[in-house]
Amino acid sequence: MKKTKEHSEGYGTIIRAIRQIGFGVVAGGCICAVLLLLFAFLFLKMKQVPVVALSPVSIGISALGAFIAGLVAGKLSRQRGLLYGSIAGLVLFLLFLISNLSSGTPLSWVAFARMGVMVLAGAIGGLLAVNKKRKRK
């Protein structure tokens, strides 16, 4: 069976989109890892950390990582920033969810709140990346 030009272009577009979203997820994951290590070190130095503060800090770091993931995915794609950013935020959330479930943490409403925040932050990052004006040389 002979491949048509339209078929191969559609396949290339999907691969390109997966690559752009993947780079965004890796960038967002790296930001999350660095920030989590930084806050873990700070909490260790404080010696007394209010337990109530842990969840908001964790969700904030997740949101920032998803925002960066959406920003990178949108910057690389230069189109469909809202969609690619949302997907990048969702994939990053799924990685967090798998990590939490594998450590034995039960699923709670905080996970669904984190999902909403991360998808929204990724979408905003992608939207801002696509709509940012380019500098002319």
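Let's start with one residue, Ala111, which sits in helix α4. Helices here are DSSP runs of H or I with at least four residues, strands are E runs of at least two, and both are numbered from the N terminus. Ala111 counts as buried because its relative accessibility is 15%. For that word, the cut-offs are these: buried is under 20% relative accessible area, exposed is over 50%, and partly exposed is in between, with a 1.4 Å probe and protein chains only. Ala111 also has a partner to look at. Its C-alpha atom is 9.1 Å from that of Phe96, 15 residues away along the chain.

A word on what we are looking at. This is a predicted model, where local features need pLDDT of at least 70, side-chain atom pairs count only at pLDDT 80 or more, and totals for chains, interfaces and linings use all residues. Residues are numbered from 1 along each chain as its sequence is written, and side-chain values use heavy atoms, with hydrogens and water left out.

Now the whole chain. How many helices and strands does it have? Four helices and zero strands. Read from the N terminus, the order is α-α-α-α. The chain has 137 residues, and 30% of them count as buried.

Next, the largest pocket. Rolling a probe the size of a water molecule over the atoms shows where empty space is left. The grid has 1 Å spacing and covers the protein atoms alone; a pocket is an open set of points where a 1.4 Å probe fits, with protein on both sides within 12 Å along at least five of seven lines, and lining residues have an atom within 4 Å of a point. Points are joined across faces, edges and corners, and the volume is the space filled by probe spheres set on them. The largest pocket holds about 350 Å³ of space. It is lined by 15 residues, and Ser58, Asn100, Thr105, Val110 and Arg114 are the closest to its centre.

Which helices supply at least two residues each to that lining? They are α2 (51–77), α3 (81–102) and α4 (109–131). The largest share, five residues, comes from α3. By type, the lining has eight nonpolar residues, six polar and one charged. Nonpolar here covers Ala, Val, Leu, Ile, Met, Phe, Trp, Tyr, Cys and Pro; charged covers Asp, Glu, Lys and Arg; the others, Gly among them, are polar.

Over to helix α1, residues 5–46, where we find Ile18. Ile18 counts as exposed because its relative accessibility is 55%. Ile18 also joins Tyr11, Ile14 and Ile15 in a nonpolar surface patch, with about 420 Å² of accessible area together.

Arg19 lies in α1 too. At 48% relative accessibility, Arg19 is partly exposed. Where is Arg19 relative to Ser77? They are 58 residues apart in sequence, yet 9.6 Å apart in space, C-alpha to C-alpha.

Last stop: the loop between α2 and α3. Arg78 is found there, and so is Arg80. Arg78 is not a glycine, but has a positive phi of about 60 degrees. Arg80, also not a glycine, has a positive phi of about 55 degrees. Buried or exposed? Arg78 is exposed, with a relative accessible area of 58%. Arg80 is partly exposed, at 45%.

Technical notes:
Patch = residues over 30% accessible without salt bridge, like charges linked within 9 Å, V, L, I, M, F, W, Y side chains within 5 Å. Areas by Shrake-Rupley, 256 points an atom, 1.4 Å probe, with all protein chains shown as cover. Salt bridge = Lys/Arg side-chain N within 4 Å of Asp/Glu carboxyl O.
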